[in-house]
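Let's walk through this structure together, from the overall layout down to single residues. Keep the sequence and the 3D view at hand as you read.

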Amino acid sequence: MWPILRAIATHRACRVRAVLLRSAGDDAAPIEFAMTIALDLTINGQRCRTQAPDHWTVLDVLRDGLALTGTKDGCGEGVCGACTVLLDGLPVRACLVLAAYAAGRSLITIEGLSESDPLVDTFARLGAAQCGFCTPGMILSARALLAENPAPSVHDVREALAGNLCRCTGYVKIVEAVLTAARSYACASALSN
Ligand code: FES
Ligand code: FES
């Protein structure tokens, strides 16, 4: 009997792998096929050349390929926002973006922000991070907001972070941290002018 190709979904809904079932039946170990692609991208300001299976997402490349585990793998389905990174300055869910799409582009992850960054500082100082799982995604969404709107209102912050879920803080301290960071960025920019 000819081998049968079938697609199976992994625990992540966005990944589909082709599995070759041997004629001996489903008990035989499946053989997985994955084309490897070369990726040339900029991560946190550094040029990066790597290779990855063609079905990998940006999240897979960051965490499994490059050990940049600051970007969190929450739902894997685009719901929680824990995997948010900046792609050419815009917040995206890394679990939903194929790595091939990021080729030639620029990524910012939480590792690209220093501890003295106002957002990193205010999240830590004002108790906006408890377990911290959502924090990298929150901070990067907030950074995209402040790049576009340096003096946001509470409503603006809540709207910008609406796609980032937190199970711990209740959001009040998170919003406060973003507003405080906005003032710090404004001060730093006034002093540098
Ligand atoms: S892990 Fe990507 S949105 Fe939840
Ligand atoms: S601090 Fe725990 S999920 Fe947000």
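The paragraphs below go from the whole chain to its core, and then to the helices and residues around that core.

Two conventions first. This is a predicted model, in which local features need pLDDT of at least 70, side-chain atom pairs count only at pLDDT 80 or more, and totals for chains, interfaces and linings use all residues. Residues are numbered from 1 along each chain as its sequence is written, while chains are lettered from A and ligands numbered from 1 in the order in which they are written.

Start with the whole chain, where you will find 6 helices and 8 strands; helices (H or I, at least four residues) and strands (E, at least two) are DSSP runs, numbered from the N terminus. From one end of the sequence to the other, their order is β-β-β-β-β-α-β-β-α-β-α-α-α-α. The chain has 193 residues, and 32% of them count as buried. A residue is buried if 20 or more other C-beta atoms lie within 10 Å of its own, exposed if 12 or fewer, and partly exposed in between, with C-beta atoms placed from the backbone. Of the contacts between residues at least 6 apart in sequence, 52% join residues at least 24 apart; two residues are in contact if their C-beta atoms, placed from the backbone, lie within 7 Å.

Now look inside. In soluble globular proteins, nonpolar side chains tend to be buried together. The largest nonpolar core here holds 42 residues, and Val58, Ala94, Ile139, Ala142, Ile174 and Val178 touch the most other members. Such a core is a set of buried Ala, Val, Leu, Ile, Met, Phe, Trp, Tyr and Cys residues joined through C-beta atoms within 7 Å. Elements giving two or more residues to this core include α1 (58–65), α3 (118–125), α4 (135–148) and α6 (172–192), and α6 provides the largest share, 6 residues. Because domain 2 (37–112) and domain 3 (118–192) both contribute, the core lies between them; these bounds come from an automatic or database domain assignment.

On the domain 2 side, helix α1 is mostly covered, with 6 of its 8 residues buried. Those six are Val58, Leu59, Asp60, Val61, Leu62 and Arg63, and they pack against β4 (36–43), β5 (46–53), β6 (84–87) and α2. Just after α1 comes Ala67, with a positive phi near 60 degrees. Ala94 touches several α1 residues, including Val58, Leu59 and Leu62. Ala99, in helix α2, is buried because 24 other C-beta atoms lie within 10 Å of its own. Among the residues that Ala99 touches are Leu39, Trp56, Val58 and Val61.

Finally, turn to the helix pairs. α4 and α6 pack at about 45 degrees, their axes 11 Å apart, which means that α4 is oblique to α6. Axes are lines fitted to C-alpha atoms, for helices over the stretch in contact, and angles run from 0 to 180 degrees between N-to-C directions. Angles under 35 degrees count as roughly parallel, over 145 as roughly antiparallel, 65 to 115 as roughly perpendicular and the rest as oblique. Met138, Ala142 and Leu146 in α4 meet Ile174, Val178, Ala181, Ala182 and Tyr185 in α6. For α3 and α4, the angle is about 135 degrees and the axes are 10 Å apart. In this pair, Leu119, Val120 and Phe123 of α3 meet Thr135, Ile139, Ala142 and Arg143 of α4.

Conventions: Lists of a residue's contacts leave out its neighbours within four places in sequence.
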